[in-house]
Amino acid sequence: YLVTYLNNDSFSLELKNLIRICFDKFQTKEEINSFLLSAYFIKSIVRGDFVPGKSDIDILFIFKNEISYKKQAEFTEKFSLFVKDSLNDNDKIFGHYKGLDILYICENEIPKTEIDFLNSPFSIFTAFGFDLEENHELIGGDDILCSFSAPDPLLFTDIQIKRILEKNLKGDSDAILDSGQIVRLLLIKYGLRSLHKQKIREFI
């Protein structure tokens, strides 16, 4: 397999299929239907710029509203370990497997009104909501995002850049990780409505 996002469609497809199998097995083992509503592939693995060995596999879990944050975190960690153990014997895949990056939320945290979007702490729904709208793929459960419609990202770019800068001023340890987000937010302000790595390089 070539570790470039230009020629890895077959690798991404095989990897997604294996994770779907893991999800089905885990679903049976853990009886997750009682608390998990939906699971999605998001970002680069769907967008087409996933780089084997370099890109995380981004997943979104949507839980029922009554499920505690602690139980969400515990479930997410167990699933990550289950996938890692399941792929461990597959040399062709595991050598290029960096890991899962799972965002987990409750259903009521999906913004629906303009106020919801303005108050949402999740950039995946706000400034980068257009990418979620275009690039999500159901793994299992109900397709809750089928009617998700992202607002104009320009409504949120300045707000989110300000939040990141405030983190830096406060010495937040996560602020350095957000520097890439500032670049993407600025590109949106300058007219690029894409998070695809190749298109960003071409635009710059």
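Which side chains meet in a salt bridge with 2.9 Å from N to O? Select K189 and D158, and you have found the pair. A salt bridge here is a side-chain nitrogen of Lys or Arg within 4 Å of a carboxyl oxygen of Asp or Glu.

**Before you go on**

You are looking at a predicted model, in which local features need pLDDT of at least 70, side-chain atom pairs count only at pLDDT 80 or more, and totals for chains, interfaces and linings use all residues. Residues are numbered from 1 along each chain as its sequence is written, and side-chain values use heavy atoms, with hydrogens and water left out.

**Stop 1: helices α7 and α8**

Keep K189 and D158 selected. K189 lies in helix α8 and D158 in helix α7, so this salt bridge ties together parts that are 31 residues apart in sequence. Helices (H or I, at least four residues) and strands (E, at least two) are DSSP runs, numbered from the N terminus. K189 is partly exposed at 39% relative accessibility, and D158 is partly exposed too, at 47%. The terms work like this: buried means under 20% relative accessible area, exposed means over 50%, and partly exposed is in between (1.4 Å probe, protein chains only).

Now show the two helices as cartoons. The axes of α7 and α8 come within 10 Å and cross at roughly 155 degrees. Axes are lines fitted to C-alpha atoms, for helices over the stretch in contact, and angles run from 0 to 180 degrees between N-to-C directions. Angles under 35 degrees count as roughly parallel, over 145 as roughly antiparallel, 65 to 115 as roughly perpendicular, and the rest as oblique. That is why α7 and α8 are called roughly antiparallel to each other. The crossing of α7 past α8 is left-handed; this means that the near helix is turned anticlockwise from the far one by less than a right angle, while clockwise would make it right-handed.

**Stop 2: R193 and D152**

Next, select R193 and D152, whose side chains meet in a salt bridge at 3.4 Å from N to O. This pair links distant parts of the chain, 41 residues apart: R193 is in the loop between α8 (179–189) and α9, and D152 is in the loop between β4 (136–141) and α7 (157–169). R193 is partly exposed at 39% relative accessibility, and D152 is partly exposed at 37%.

**Stop 3: helices α1 and α3**

Where does K78 find its salt-bridge partner? Select E30: the closest N and O atoms of the two residues are 3.0 Å apart. K78 sits in helix α3 and E30 in helix α1, so the pair ties together parts that are 48 residues apart in sequence. K78 is partly exposed at 42%, and E30 is partly exposed at 23%.

Show residues 9–30 for α1 and residues 69–87 for α3; their axes come within 10 Å and cross at roughly 125 degrees. The two helices are therefore oblique to each other. α1 passes α3 in a right-handed crossing.

The count of salt bridges comes to 8. Side chains of opposite charge can pair when their charged atoms come close.

**Stop 4: two positive phi values**

Select E31, in the loop between α1 and β1 (36–42). Its phi is near 50 degrees, a positive value in a residue other than glycine. E31 is exposed, at 62% relative accessibility.

Then select K43, in the loop between β1 and α2 (44–47). Phi of K43 is near 65 degrees, again a positive value in a residue other than glycine. K43 is partly exposed at 35%.

**Stop 5: N119**

Is N119 buried or exposed? At 59% relative accessibility, N119 is exposed. Look for N119 in helix α5 (residues 114–119). Try a distance from the C-alpha atom of N119 to that of T28: the two are separated by 36 Å and lie 91 residues apart along the chain.

**Stop 6: a nonpolar patch**

Finally, select L186, Y190, F203 and I204, which form a nonpolar patch on the surface with about 480 Å² of accessible area together. Patches are made of residues with over 30% relative accessible area and no salt bridge; like charges are joined within 9 Å, and nonpolar side chains (Val, Leu, Ile, Met, Phe, Trp, Tyr) within 5 Å. Accessible areas come from the Shrake-Rupley method with a 1.4 Å probe, and for residues only the protein chains shown count as cover. I204 is in the segment after α9 (197–203), and I204 is exposed, with a relative accessible area of 71%.
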